[in-house]
Amino acid sequence: MVTKLPAIQFYPGDWKKDLGVQALDMECRGIWFEMLLLMHDSEERGKLILNGQPMTSKQIANALGIGEGQFNEASSKILANGVADFKQNTWSCRKMIRAENLRQIRTNAGFLGGRNTQANLKQKATPSFAVAVQCPPGTPVPPPGFSGPFALKKITYTPPKNRPG
């Protein structure tokens, strides 16, 4: 089962630039958008799946709150414009599937090493920070990016080895 995500990535620019979507009438655009919301929460993100099976047109129409005839008419326009895929009786959104695959790859990569790397860095890191200090009169010009008689000095903090209790 897919992890429930609290939000959907939606890029208004992509929606407006997609000529297939823009060629649809407003009713079909609304139906397609509602289908995208269903796909986001589906068992297999990016596809309309219910209980391990592709959703039927009747199930989709019911989920959208419209008649099956209205859905069938809109779906034929959506497919004719190349907006969605319909393969093996399954509605899908190519972009959502690509985004989900990328999210899974990044999640798995994070589990493989990201957390361990961060933990090691925290253990080995010596805290350091830069402080602006005033240069004594007659010192050379400060480094580029600094004006006036100020320069950066790196200070490294080394914690004491034996701390009481």
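Entry 1. I take buried to mean under 20% relative accessible area and exposed to mean over 50%, with partly exposed in between. The model I am looking at is predicted.

Entry 2. I looked up the accessibility of phenylalanine 86. At 37% relative accessibility, phenylalanine 86 falls between the two cut-offs and so counts as partly exposed. Its ring partner is tryptophan 91; I find the two centres 5.1 Å apart and the planes at 55°, a tilted pair. Tryptophan 91 has 4% relative accessibility, so I note it as buried.

Entry 3. I went through the aromatic pairs next. How many aromatic pairs are there by the rule for ring centres? The count comes to 5. For phenylalanine 10 and phenylalanine 33, I read 5.5 Å between the ring centres and 90° between the planes, so this pair is edge-to-face. Phenylalanine 10 sits in the segment before helix H1 (12-17), whereas phenylalanine 33 belongs to helix H3 (residues 26-40); the pair therefore ties together parts that are 23 residues apart in sequence. I looked up the exposure of both rings' residues. Phenylalanine 10 is partly exposed at 36% relative accessibility, and phenylalanine 33 is partly exposed at 30%. I also find that Phe10 and Phe33 form one aromatic cluster together with Trp15.

Entry 4. I moved on to helix H5 (residues 68-80). H5 has 13 residues, and I read 18 Å from its first C-alpha to its last, close to the 18 Å expected at 1.5 Å a residue. Which residues of H5 are buried? I list Phe71, Ala74, Ser75 and Ile78. These residues cover an arc of only 105° around the axis, which puts them on the same side of H5. An α-helix has 3.6 residues a turn, so residues three or four places apart point the same way. On the other side of H5, I find Gly69 and Ala80 exposed.

Entry 5. I checked what the buried side of H5 meets. The buried residues of H5 pack against H3, helix H4 (57-64) and strand E4 (90-92).

Entry 6. I looked up asparagine 72, which is found in H5. Is asparagine 72 buried, partly exposed or exposed? Its relative accessible area is 35%, so I enter asparagine 72 as partly exposed. I also read the separation between the C-alpha atoms of asparagine 72 and serine 57: they are 7.1 Å apart, with the two positions 15 residues apart along the chain counted as their spacing.

Entry 7. Last, I looked just past the end of H5. Glycine 82 takes a positive phi there, of about 70°.

Terms used
Residues are numbered from 1 along each chain as its sequence is written. This is a predicted model: local features need pLDDT of at least 70, side-chain atom pairs count only at pLDDT 80 or more; totals for chains, interfaces and linings use all residues. Side-chain values use heavy atoms; hydrogens and water are left out. Rings of Phe, Tyr and Trp (its six-membered ring) pair if their centres lie within 6.5 Å; planes under 30 degrees apart count as stacked, over 60 as edge-to-face and the rest as tilted. Helices (H or I, at least four residues) and strands (E, at least two) are DSSP runs, numbered from the N terminus. Buried means under 20% relative accessible area, exposed over 50%, partly exposed in between (1.4 Å probe, protein chains only). The expected span of a helix is 1.5 Å times one less than its number of residues. The arc is that of the directions from the helix axis to the C-beta atoms. Contact means heavy atoms within 4.5 Å.
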